[in-house]
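User: Hey, I'm new to this one. Can you walk me through it?
Analyst: Sure, here it is.
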Amino acid sequence: MAGSVSVLDRAIESKDSTSTATALDAINFRVREIAKAVQKASGTNNLVFSVDELLAELKGAKPNPKTIHEHLDNQIESLRKLVLSQILTLSID
């Protein structure tokens, strides 16, 4: 995910529309896959990894890299906490 965001940043800086579109597609795919995995792992429909706002930004005419970073940073931190919680729970069992 971080690699795709870095590619997006470079593509936007160099005004490379093909690389920008490719990076946005990659981020979109990864976000959706992570959301599915989190939902499956948590066993609920209440996602810790919320993707609606991020996907809306990705679909926009000119996605803002700063906004994408803000959404991803918060979501990745939530995901990290969920994983740590799962690891602790499994180690207790």
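Analyst: One term before we start: contact means heavy atoms within 4.5 Å. Also, this is a predicted model.
User: OK, using that, what is leucine 24 in contact with, leaving aside its neighbours within four places in sequence?
Analyst: Leu8, Leu58, Pro63 and Ile68.
User: And where does leucine 24 lie?
Analyst: In helix α2.
User: Is leucine 24 buried or exposed?
Analyst: Leucine 24 is buried, because its relative accessible area is 13% and the cut-off for buried is under 20%.
User: How far apart are the C-alpha atoms of leucine 24 and lysine 59?
Analyst: They're separated by 8.5 Å, with the two positions 35 residues apart along the chain if you count from one to the other.
User: Leu8 came up too. What does leucine 8 touch, again skipping neighbours within four places?
Analyst: Leucine 8 is in contact with Thr20, Ala23, Leu24, Ile27 and Ile68.
User: Let's zoom out. How many helices and strands are there in the protein?
Analyst: Four helices and zero strands, so to speak an α-α-α-α pattern when you read along the sequence.User: Which residues have the most contacts inside the largest nonpolar core?
Analyst: That core has 13 residues, and the ones with the most contacts inside it are Leu8, Ile27, Val31, Leu54, Leu58, Ile68 and Leu72. Helices α1 (2-13), α2 (17-42), α3 (52-59) and α4 each supply at least two residues of the core.
User: Which helix gives the largest share?
Analyst: α2, with five residues.
User: How much of the protein counts as buried?
Analyst: 30% of its 93 residues.
User: Switching to the outside: which residues form a nonpolar patch on the surface?
Analyst: Val83, Leu84 and Ile87, with about 250 Å² of accessible area together. Valine 83 has its place in helix α4 (residues 65-92).
User: Why is valine 83 called partly exposed?
Analyst: Because its relative accessible area is 41%, and partly exposed covers values between the 20% and 50% cut-offs.
User: What about lysine 66, buried or exposed?
Analyst: Lysine 66 is exposed, with a relative accessible area of 57%. This lysine lies in helix α4 as well. Its C-alpha atom is separated by 9.2 Å from that of aspartate 9, and the two are 57 residues apart along the chain.
User: Last one: what does the accessible surface of the protein come to?
Analyst: About 6300 Å², of which 54% belongs to carbon and sulfur atoms.

Notes: Residues numbered from 1 in each chain as written. Predicted model: local features only at pLDDT ≥ 70, side-chain atom pairs only at ≥ 80, totals over all residues. Heavy atoms only, no water. Buried < 20%, exposed > 50% of the residue type's maximum accessible area, 1.4 Å probe, protein only. Areas by Shrake-Rupley, 256 points an atom, 1.4 Å probe, with all protein chains shown as cover. Patch = residues over 30% accessible without salt bridge, like charges linked within 9 Å, V, L, I, M, F, W, Y side chains within 5 Å. Salt bridge = Lys/Arg side-chain N within 4 Å of Asp/Glu carboxyl O. Core = buried A, V, L, I, M, F, W, Y, C linked by side-chain atoms within 4.5 Å.
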